[in-house]
Amino acid sequence: MGKDDHNNSVVGKHLGIDTENSTIYSLDSLITTIGLSDMIVMEIGGTIIVCPKSRAQDVKALVEMLKKNGYEKYL
């Protein structure tokens, strides 16, 4: 992914105020942000994930939690 003027990587539609060094990803929805730094915001098929970039490795644990709690349809 390329970077915008605020060092954000964006796939999809995003409008942000004071958002920098973040990854924004959505295939269907417009994502709007205010005052984010070093964050990941992803919307995929109705599921939204928001976390600091420093915790990206924990997404695997979140996927396991979704499975354990019967939310497989959101994966």
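**A sheet of four strands and one helix**

R55 has a relative accessible area of 46% and is therefore partly exposed, since that label covers values between 20% and 50%. This residue offers a convenient entry to the structure, which is a predicted model. R55 forms a salt bridge with D58, and the closest nitrogen and oxygen atoms of the pair are 2.5 Å apart. The partner, D58, has a relative accessibility of 28%, so D58 also counts as partly exposed. Side chains of opposite charge can pair when their charged atoms come close.

The count of salt bridges in the model comes to two. Besides the pair just described, the side chains of K67 and E64 meet in a salt bridge, with a distance of 3.8 Å from N to O. Where do K67 and E64 lie? Both belong to helix 1, which covers residues 59-68, and they are three residues apart, about one turn of the helix. K67 is partly exposed, because its relative accessibility is 39%. E64, with a relative accessible area of 43%, is likewise partly exposed.

The chain as a whole may now be considered. Its secondary structure comes to one helix and four strands. Read along the sequence, these elements follow the pattern β-β-β-β-α. The C-alpha trace spans about 40 × 25 × 20 Å along its principal axes. Of the 75 residues in the chain, 24% are buried. Among contacts with a separation of 6 or more, 4% are between residues 24 or more positions apart.

The next topic is the sheet. Four strands form an open sheet in the order 1-2-3-4, with mixed pairing. The edges are strand 1 (9-17) and strand 4 (47-52), each of which pairs on one side only. On average, neighbouring strands of this sheet are turned by 25 degrees against each other, direction ignored. Strands of a sheet pair through backbone hydrogen bonds, either parallel or antiparallel. Both senses can be found here: strand 2 and strand 3 pair in the parallel sense over four bridges, whereas strand 3 and strand 4 run antiparallel and are joined by six bridges. In the hairpin of strand 3 and strand 4, two residues stand between the strands, and G45 takes a positive phi near 55 degrees. Beside this hairpin's turn, I44 stands opposite T47 in strand 4.

E43 links several of these features. This residue lies in strand 3, which comprises residues 39-44. On one side, S26 stands opposite E43; E43 also stands opposite I48 in strand 4. Leaving aside residues up to four places away in sequence, E43 touches Y25, S26, L27, D28, S29, I31 and I48. Is E43 buried or exposed, and which side chain of opposite charge is nearest? E43 is buried, and the nearest such side chain, that of K13, is 8.8 Å away. A salt bridge requires the charged atoms to be within 4 Å, so a distance of 8.8 Å leaves E43 without one. The side chain of E43 nevertheless has a polar neighbour, as one of its polar atoms lies 3.1 Å from the backbone nitrogen of G46.

T33 gives a second view of a buried residue. T33 is found in strand 2, which covers residues 23-34. Why does T33 count as buried? Its relative accessibility is 7%, and buried means under 20%, so T33 falls within that class. The side chains of T33 and H14 are joined by a polar contact of 2.8 Å. Not counting residues up to four places away in sequence, T33 touches H14, L15, G16, I17, T19 and I24.

The path through the structure ends beyond the helix. Y74 lies in the segment after helix 1. Its relative accessible area is 33%, and Y74 is therefore partly exposed. Y74 may be set beside K13: the two are 61 residues apart in sequence, and their C-alpha atoms are 21 Å apart in space.

In review, the predicted chain has one helix and four strands, and its strands form an open sheet in the order 1-2-3-4. Two salt bridges are counted: one joins R55 to D58, and the other joins K67 to E64. E43 is buried and has no salt bridge, but a polar atom of its side chain lies 3.1 Å from the backbone nitrogen of G46.

Terms used: Residues numbered from 1 in each chain as written. Predicted model: local features only at pLDDT ≥ 70, side-chain atom pairs only at ≥ 80, totals over all residues. Heavy atoms only, no water. Buried < 20%, exposed > 50% of the residue type's maximum accessible area, 1.4 Å probe, protein only. Lys, Arg positive; Asp, Glu negative; His and termini not counted. Polar contact = N/O pair within 3.5 Å; in protein donor to acceptor, adjacent residues only side chain to side chain. Contact = heavy atoms within 4.5 Å. Pairing = 2+ DSSP bridges. Axes fitted to C-alpha atoms, helices over the stretch in contact; angles between N-to-C directions.
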